[in-house]
There are 2 protein chains.
Amino acid sequence: MKIYLDCYPCFLRQALEASRIANADEKTQREVLTSVMKVLGNVSQEATPPQIGWLIHKTIREATGNPDPYKEIKQSHNELVLEIEPDLFNFINKSSSPVIDALKLAGTANLIDMGPERQWSDVRDIFEGFMNKKSDFFDYPAFESSLKNSGTLFYIGDNAGEIVLDKILIKLLIQKTDIDITYTVRGKPIINDATMEDARSVGITNIVKVIDTGADFPGVVLKSCSEEFLQYYYEADMILAKGQGNYESLSEEKENIFFLLQAKCPVIADKIGCKVGDLVLKAGRDQP
Amino acid sequence: MKIYLDCYPCFLRQALEASRIANADEKTQREVLTSVMKVLGNVSQEATPPQIGWLIHKTIREATGNPDPYKEIKQSHNELVLEIEPDLFNFINKSSSPVIDALKLAGTANLIDMGPERQWSDVRDIFEGFMNKKSDFFDYPAFESSLKNSGTLFYIGDNAGEIVLDKILIKLLIQKTDIDITYTVRGKPIINDATMEDARSVGITNIVKVIDTGADFPGVVLKSCSEEFLQYYYEADMILAKGQGNYESLSEEKENIFFLLQAKCPVIADKIGCKVGDLVLKAGRDQP
């Protein structure tokens, strides 16, 4: 997905917030904004939002000397969601449509994203009333049919905290189907995206094979991914990609893909045809 | 008031919205954003937000050849508020504290501002429930005392549409006090700020002397104002300045000033110590 002009103010907002999270002083914050504006003034028409996100956060890491500014936030989000995991798992187990509800829960958890502008302050509040989430753009029939006809599922994760709900969904799919699942995280820290450290910390490595992208984009930039990642990506019978960053980078690639995300900004909502705040399960790629 | 780093993304958002209101094509929108980012990359520490706002809208006027992109919006806002003027005036006339209510109404009307991000789409909705507006930052006692001790009031207006509520307040002050009022508008079109054309169109010129700033900033940049404006400004016993733009440019100048505004962005709210959405009547200048 290309970069829209509406993304420009949002990149500046994100750069400023991230600089402050990385404890940059005001002079450094200003320098970061100036760098980002130079990048945006010369941005290639081919670039995708995760590539600019990568440049922004690289600039901040270098300016502050902090290799992982979101480390504590990620730990805290993992811990907070692990605390409520038993309740959420019980809820799913008692549900009359557990796979749909686990998908909805994993999609709702995609709100735990420190990139876009946020409407929440405590991650636990995100799950209040998730059952009443609007889901006009939730193509479960296509997902169910693909599940039945697939031997392998490549599950591309997104954020820390959220990964606990991916674990619940994966546990359920293992219980209910014979599908072979591989999960993937980012190769290095970027924003609050989940890395192998988060996968271990929430225990997803105990139930399924976990690999990483081999790159540190907040999405999947195929030309930078490891051979191992690309093998799973191209050979999987079906792919489940979580979140806006994965959608932004893979929306015009393979056909056998499902995007599960919260529409968190007007650009993504317009692109999908939904509203900001909608929970989305979208089957297949967009036309380039 | 200086420009905060938080203003940078907001300037880009405003530039993009204004380019679209001026019917700029996507190429021109991109050029406008690139120009604005160049300006922000070299912004003087002395500059105030209305000076950057001026540069943004000058860039758009020049890029599109449209000298007044907000002309129709201003006309529409004037007409919509004039339609409900009789009801609002009746409400004030029946009030047990008419000056306070007219001030609150004129302050609420400051939401009719096409600069900051907006939460409304129809100006008439702004006046629904205005009597329940939070007003912890509403220093009426100081205003009342100043009114009693002043012979002249210099009233610095802000936006089209809003100007109708300034007229209601002025009518009431003429009824209830002996104070001599002069009203001022912008010297040329800028965003949806009221000009002499708006003052005539809503009939404020029929009840009070109206001058203009002699400049086209969306605020008051004293060194650019006409001699006539400066004479009123320096000689008035008290000043009532409406809106964020006038606050941003005059907040550290004279002591005998009252700012009546809606706090519409986090930067202004932090500066005043209130919350976004609060109605503010603030007595006196800030410490520079």
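This presentation covers the nonpolar core, helix 3 of chain B, and one helix pair in the structure above.

The model is predicted: local features need pLDDT of at least 70, side-chain atom pairs count only at pLDDT 80 or more, and totals for chains, interfaces and linings use all residues. Residues are numbered from 1 along each chain as its sequence is written, and chains are lettered from A and ligands numbered from 1 in the order in which they are written.

I begin with the core. The largest nonpolar core (buried Ala, Val, Leu, Ile, Met, Phe, Trp, Tyr and Cys residues joined through C-beta atoms within 7 Å) has 165 residues, and A:F11, A:I239, B:F11 and B:I239 touch the most other members. Buried here denotes 20 or more other C-beta atoms within 10 Å of a residue's own, with C-beta atoms placed from the backbone.

Next, helix 3 of chain B, residues 49-64; helices are DSSP runs of H or I, at least four residues, numbered from the N terminus. Its end C-alpha atoms are 23 Å apart, which agrees with the 22 Å that its 16 residues should span at 1.5 Å a residue; the expected span is 1.5 Å times one less than the number of residues. Among its buried residues are B:I52, B:W54 and B:I56. Their cover includes helix 1, helix 2 and helix 10 of chain B. Just after this helix, B:G65 takes a positive phi of about 70 degrees.

Finally, helix 5 and helix 7 of chain B pack at about 160 degrees, with axes 8 Å apart; axes are lines fitted to C-alpha atoms over the stretch in contact, and angles run from 0 to 180 degrees between N-to-C directions. That makes the two helices roughly antiparallel, a term for angles over 145 degrees.

Terms used:
A residue is buried if 20 or more other C-beta atoms lie within 10 Å of its own, exposed if 12 or fewer, and partly exposed in between; C-beta atoms are placed from the backbone. Two residues are in contact if their C-beta atoms, placed from the backbone, lie within 7 Å. Angles under 35 degrees count as roughly parallel, over 145 as roughly antiparallel, 65 to 115 as roughly perpendicular and the rest as oblique.
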